[in-house]
Amino acid sequence: QVQLVESGGGSVQAGDSLRLSCAVSGRTFSNLHMAWFRQAPGKEREFVSSISWSGRTYHADSVKGRFTASRDNAKNTVYLQMSSLKPEDTAVYYCAASASPFSAGSSSPNDYSYWGRGTQVTVSS
């Protein structure tokens, strides 16, 4: 059973930074493609960033230059470093994982089989 546990969310001011973490257990982490999604109230879940098993990253245009995904295979953990946060970044952030080789870089939630429960990020102006 693959488990993903997010942490690091919180309430910050616009312009601040946060780093989210997602600890993975139950599967060989280095073989997983990882991603971050977010969902604001009343909106659909949207792609934020992904990082393949090889470390290649992809970011949504809305966060490019501000957010960076990274991974530490020794710690079975993926990170999302968020800087220059804006009120529109307010959402529940979810970590997702896929073992499929076709999921690398995917921005579709349907391509990820495993999900965490999410962590709230609130950015006030």
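**Group meeting talk: around Tyr-93**

Okay, let's start with one residue, Tyr-93. If we skip its neighbours within four places in sequence, Tyr-93 is in contact with Glu-6, Leu-20, Phe-37, Arg-38, Val-48, Phe-67, Leu-80, Met-82, Gly-118, Thr-119 and Val-121. Contact here means heavy atoms within 4.5 Å.

Some ground rules. This is a predicted model, where local features need pLDDT of at least 70 and side-chain atom pairs count only at pLDDT 80 or more, while totals for chains, interfaces and linings use all residues. Residues are numbered from 1 along each chain as its sequence is written, and side-chain values use heavy atoms, with hydrogens and water left out.

Now, the big picture. How many helices and strands does the protein have? Zero helices and 11 strands. Both are DSSP runs numbered from the N terminus: helices are H or I with at least four residues, and strands are E with at least two. So reading along the sequence you just get β-β-β-β-β-β-β-β-β-β-β, because every element in that list is a strand by the DSSP rule.

For overall dimensions, the C-alpha trace spans about 40 × 25 × 25 Å along its principal axes. A compact globule of 125 residues would have a radius of gyration near 14 Å, and the protein has 13 Å, which agrees. That radius is taken over C-alpha atoms, and the globule rule is 2.2 Å times the number of residues to the power 0.38. Of the contacts with a separation of 6 or more, 59% are between residues 24 or more positions apart.

Back to Tyr-93 and the inside. Tyr-93 is one of four residues, with Met-34, Leu-80 and Met-82, that touch the most other members of the largest nonpolar core, which has 32 residues. Such a core is a set of buried Ala, Val, Leu, Ile, Met, Phe, Trp, Tyr and Cys residues joined through side-chain atoms within 4.5 Å. Buried means under 20% relative accessible area, exposed means over 50%, and partly exposed is in between (1.4 Å probe, protein chains only). Which strands supply at least two residues each to this core? They are β3 (18-25), β4 (33-39), β5 (46-51), β7 (67-72), β8 (77-82), β9 (91-98) and β11 (119-124). The largest share, five residues, comes from β9. In general, nonpolar side chains tend to be buried together in soluble globular proteins.

Let's stay with β9. Seven of its eight residues are buried, so this strand is mostly covered. Now its partners; two strands pair if DSSP finds at least two bridges between them. β4 and β9 run antiparallel and are joined by seven bridges, with Trp-36 bridging to Cys-95 in β9. β10 (residues 114-115) pairs with β9 in the antiparallel sense over two bridges, and there Ala-96 has Trp-115 as its partner. β11 pairs with β9 over three bridges, also in the antiparallel sense; Ala-91 is partnered by Val-121.

β11 has another partner too: β2 (residues 10-13) pairs with β11 in the parallel sense over four bridges, and Gln-13 is matched with Ser-124. Look at the β11 side chains as well: Thr-119, Val-121 and Val-123 point to one face and are buried, whereas Gln-120, Thr-122 and Ser-124 point to the other and are not. That fits the general rule that side chains in a regular strand alternate between the two faces of the sheet.

You heard Cys-95 a moment ago. What does Cys-95 join to? Cys-22, through a disulfide with an S to S distance of 2.1 Å; the cut-off is a pair of cysteine sulfur atoms within 2.5 Å. Cys-22 lies in β3 and Cys-95 in β9, so the pair ties together parts that are 73 residues apart in sequence. The torsion about the S-S bond is about -80°, so the disulfide is left-handed. Both cysteines are buried, and the structure holds one disulfide.

Last stop: Asn-76, in the loop between β7 and β8. Is Asn-76 buried or partly exposed? Partly exposed, with a relative accessible area of 29%. Beyond its neighbours within four places in sequence, Asn-76 is in contact with Cys-22, Ala-23, Val-24 and Phe-29. That's my tour, thanks!
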